[in-house]
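Student: Please take a close look at the buried interior of this protein, with attention to its aromatic rings. I should like one connected account of what packs where.

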Amino acid sequence: MFSLATIPHLARNARRFTEIAGVLAKYGLAEFLAATDTSFFRGTLKGPAGATLSGLTREARLRLAMTELGATAVKIGQILSTRPDLVGPETAAELAKLREDTAPDAPEIVRATIGAELGAPPEAHFSAFEETPVASASIGQVHRAILADGSRVVVKVQHAGIEEDVRADLDIAMGLAELAERGIVELRLYQPLAVAAEMRRTILRELDFTREERNLRHFAANFSGDARVVFPRTFPGQSARRVLTMEELDGESVAALAAAPATPEESARRTRLAKNAADIFLEMIFRDNFFHADPHPGNLLILPGDRLGLLDCGMVGRIDERTRRALEDALLAVASGDAEALTEQVMRLGRVPPGLDRQALAADVEEFVADYAGQSVGAFDLSGALGDMAALVRRHGILLPPTVAHLLKVFVVLEGASRQLHPGFSLIEVLTPYAAKILARRFSPGEVFSKLRRGARDWNALFETLPRDAAEILRRARDGRLDVRLDHKGLDGTVNRLVYGIVTAALFLGSCMLLASRVPPRVFDVSLFGALSCLWAIVLGLRLLRAIRRSGELGGRS
């Protein structure tokens, strides 16, 4: 048992932590506190809520607790909903229901924020500004306005004081992650501190509206020649870190379009819109390595001319070239039903735990491919397939990179949004022919030339340094100064235990020999030194077994 006061993140925010601990205890989610010294806040904890919560699942109670804890917890929950490999498919599905509706700031507070960020009140920047917001989420609220040139815009204003509250809560989240990593051996595999640090970076980036403004300009440049999609134009002169002014897109929501009667012509139109949306996101992922990470229906608008308008570009994802190629190879493996190749890509994409049973993983992947390979394209359940794959990698202790986990979530959410437009739509209809595009691009002259250029650059660097390095090695060998250094990382504890075990075994065998020889002095005809040595050897052996058991490495992981 250790004191929570030794964790700086929690000690700095003791009052807020007691509130969080109380809410978690209220919903029956504070078991992790059992291994800690909770004396400094024990009096503030409340009991379970009683009958109203007794019928809820643990996942539902977690969602309610995060809703009660406020904006930061909601954001963390939404990010964790993209990580079924960490929290499990059931918890991820429940956390995906979290909503961000928040009470708006008063008009005078909004005016003060705009004045502080833009250097002047709203009337100095806008010919008209609606004080009543059209929406209010956890981070900010949105107001309609008109610029001096008549352009209709929306102004996103960050809630006053939200950044300080979010930073404090994120500090506590880091402390809880450290607490979990110290006290719960089973969670160390999932690197709670690294996950918490990644969530911290993601949420703090959303607090900086200048990043969203850059994201919008980046997307607009990538799709400048594509008439199917529109991103809101930004106005840097009326934007800052906590204020973002964007063009107002006038269109129909996906939900409103889905609720309208569907004639045969309208059904064909909706099918085309769904395929366009899917194709646009695939272009973001596999062409640009930069994608919108939150394509839920509320962020999609159908504009005149059947163009797709994309909103809320604060949450984006980036993938490097190596990850993109691994994803493409995984897609090609699924398309061809190659279980062995898919197993290789799963291991390349994720962080593989020590002692992975590769044969068991290959068997599970082969069963997964067999289950879904026989489905027709129209009946293929992509969401179910991705959920099963997330459960599979979690079962084997494989940890996916955050970008890949977000990407899988994007596919699921995108398919859900597309099915609102056309209930019979399956994202696999667009993904399957996209495999041919991947192959065509890989063998295109531009791609081949790019590979040759990269290879030539690497070989040139090798040839430039090889003679000098070889000469240095030969010089050191001739002078007797050639040292070969071997580092055995992580072996100190193992070697210490091995020596400890050998000494314990030797002591036990020696005591047995003393007992067998009945070496004096004797008590009740039993060698006194032999009995004491045997008892001490047993104590040492039990201590060794206890140390191994506490490390979580006795008997392997199930």
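**Aromatic rings and the buried interior**

Tutor: F126 and F129 are both buried (under 20% relative accessible area with a 1.4 Å probe and protein chains only; over 50% is exposed, and values in between are partly exposed). This is a predicted model, in which local features need pLDDT of at least 70 and side-chain atom pairs count only at pLDDT 80 or more, whereas totals for chains, interfaces and linings use all residues. Residues are numbered from 1 along each chain as its sequence is written, and side-chain values use heavy atoms, with hydrogens and water left out.

Across the whole structure, a search finds 5 aromatic pairs (ring centres of Phe, Tyr or Trp, the last by its six-membered ring, within 6.5 Å; planes under 30 degrees apart are stacked, over 60 edge-to-face, the rest tilted). F126 and F129 have ring centres 5.8 Å apart and planes at 35°, so their pair is tilted. Elsewhere, F219, F223, F231 and F290 come together as one aromatic cluster.

F223 leads on from that cluster to charged residues. The charged end of R287 sits over the ring of F223, at 4.8 Å from its centre (NZ of Lys or CZ of Arg within 6 Å of the ring centre and within 35 degrees of the normal). A second such arrangement places the charged end of K156 over the ring of F209, 5.0 Å from the centre. F223 is also touched by E283, whose other partners are D288, Y434 and K437, leaving aside residues up to four places away in sequence (a contact is a pair of heavy atoms within 4.5 Å). E283 belongs to helix 14, residues 264–288. What is the relative accessibility of E283? The value is 13%, and E283 therefore counts as buried.

F231, a member of the aromatic cluster, is also prominent in the largest nonpolar core. That core has 100 residues, and F231, M284 and L342 have the most contacts inside it (buried Ala, Val, Leu, Ile, Met, Phe, Trp, Tyr and Cys joined through side-chain atoms within 4.5 Å). Helix 14 contributes 10 residues to this core, the largest share. L342 touches A330, A333, V334, V365, F368, V369 and M389, again not counting residues up to four places away. Another core, of 13 residues, lies apart from the 100-residue one; its members include I114, F126, V157 and F235. F126 thus belongs both to this second core and to the tilted pair described above.

Two other helices add to the picture of the interior. Helix 5 spans residues 71–80, and 10 of its 10 residues are buried, so it is largely enclosed by the rest of the structure. Its buried residues include K75 and Q78 as well as V74, I76, I79 and L80. In helix 10, residues 162–183, lies L179, which is buried with a relative accessible area of 3%. L179 and P192 are 13 residues apart along the chain, and their C-alpha atoms are separated by 9.1 Å.

As for the protein overall, there are 23 helices and 15 strands (DSSP runs numbered from the N terminus: H or I of at least four residues, E of at least two). Of the 558 residues, 42% count as buried. Among contacts between residues at least 6 apart in sequence, 66% join residues at least 24 apart.
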